[in-house]
Amino acid sequence: MLAASAVHAQTAATNDIVKRGEYLARAGDCIACHTAPEGRTFAGARAMPTPFGTLYSSNITPDPETGIGKWSADDFYRTMHSGRFPDGGLIYPAMPFASYTKVTRADSDAIFAYLKSIPPVRQKNREHDLRFPYNNRQLILGWRTLYFSEGEFKNDPAKSAEWNRGAYLVEGLGHCGMCHSPINALGGTSQSDAFKGGLIPMQNWYAPSLTSNREAGLGNWSIKDITDLLQTGVSARGVVYGPMAEVVHNSLQYLSDEDARAMAVYLKGIAEGSASSAPVSTLPNTESSLLISLGKTVYDKNCASCHGAQGEGKPPHWPPLANNQSIEMQSAVNPIRMVLNGGYPPGTKGNPRPYGMPPFAGVLSDNEVAAVVSYIRTAWGNRGTPVSARDANELRSAPLD
């Protein structure tokens, strides 16, 4: 009887750690990279284009020959923590080990237990297709020297437990800095530039700064607006599209209310004051005036029915454009792409039937796209700058996924 009770207790404990590992794997958005479109879950082979060539994600199912079936928990932790395979081989930093190094041993073990519980898939890893000299893995040693600091997350004793939990999720498992930090020619980011925003290489979406209130800094947002955006993809202050919609769909919508709030507290806390000076336009005043005049005509005809004559919108489904940080940012990439390509917020449990925006690439000329974007960036008190027809034309060929 005692033996049976012990077995039952052990089984319950195993089930608990697997369930916790599944939650943490979602928080880390592992499925996004390790599952190819139309592919088997976690079987890898997803193409990840980079400025250096194409990388392919690895099989992390428990298949003993092509996956991680022969790995131990120690092997998995070392890979997460140090960015090296169990045999010591160097991992390309497209795998966010610079963030995952912060993950605790307990959480690493839970994720490993979950991955060991899923169905194994026998699928060999695909060879990377990188240009010379980037196909020489030894070059990663230089990258690591410049941009990698190994070590688990340490709580800041001056901050609350909630703030520290949020920091752990944002800086560690969530690896938010991978997109929301500027990436230099070597594919790295200096610590001083963390979360300051940048163009996502090869995707042509701009991931705004999480520190500047001129961009996505959330210092002026309420905690509810932030958690709504993280968990549902829509809020009274804005809507997520593009790569961030995928993150919400795959990962953030599954966060507990407590963890979503902790992330919101941390994100709100790292926002910094913004400079009061307005950005300077590079377009001549005459050209800007003509664009904005045409833009109002285009807006009234195509946009006002949803976003309002004064850009007030109908939150949360039709976001306001007046005083919208994503419209006013120095980079106009995102509003141009939204006009050209349209898009939907993610379908989430909190917003299962999202309202979308139609594409206008086939309806509006480059001049009209530039005009309407210039108008919404400067109307109703917005402090953005006009954009050119060339800016619009360059983004017509941007990838849609």
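In this predicted model, helices α8 and α10 lie oblique to each other, because their axes cross at roughly 120°, an angle that falls outside the ranges counted as roughly parallel, roughly antiparallel or roughly perpendicular. Helix α8 covers residues 223-232, and its axis comes within 9 Å of that of α10, the crossing of the two being right-handed. On the side of α8 the contact is made by Ile223, Ile226, Thr227, Leu230 and Gln231, while α10 contributes Asp257, Ala260, Arg261, Met263, Ala264, Val265 and Lys268. Sorted by class, the residues of this contact are seven nonpolar, two polar and three charged.

Helix α10 itself runs over residues 257-270, and because each residue should add 1.5 Å, its 14 residues are expected to span 20 Å, which agrees with the 20 Å found between its end C-alpha atoms. Its buried residues are Asp259, Ala260, Ala262, Met263, Ala264, Val265, Tyr266, Leu267 and Ile270, and among the residues through which α10 touches α8 are Ala260, Met263, Ala264 and Val265. In an α-helix there are 3.6 residues a turn, so residues three or four places apart point the same way.

Elsewhere in the chain, serine 181 is placed in the loop that lies between α7 (161-173) and β4 (198-200). Serine 181 counts as buried, because its relative accessibility is 4% and the cut-off for a buried residue is under 20%. When its neighbours within four places in sequence are left aside, serine 181 is in contact with Thr189, Asp193, Ala194, Phe195, Lys196, Gly197 and Gly198.

Technical notes: Residues numbered from 1 in each chain as written. Predicted model: local features only at pLDDT ≥ 70, side-chain atom pairs only at ≥ 80, totals over all residues. Heavy atoms only, no water. Helix = DSSP H or I, 4+ residues; strand = E, 2+ residues; numbered from the N terminus. Expected span 1.5 Å × (residues − 1). Buried < 20%, exposed > 50% of the residue type's maximum accessible area, 1.4 Å probe, protein only. Axes fitted to C-alpha atoms, helices over the stretch in contact; angles between N-to-C directions. Parallel < 35°, antiparallel > 145°, perpendicular 65-115°, else oblique. Left-handed = near helix turned anticlockwise from the far one by under 90°. Contact = heavy atoms within 4.5 Å. Nonpolar A, V, L, I, M, F, W, Y, C, P; charged D, E, K, R; others polar.
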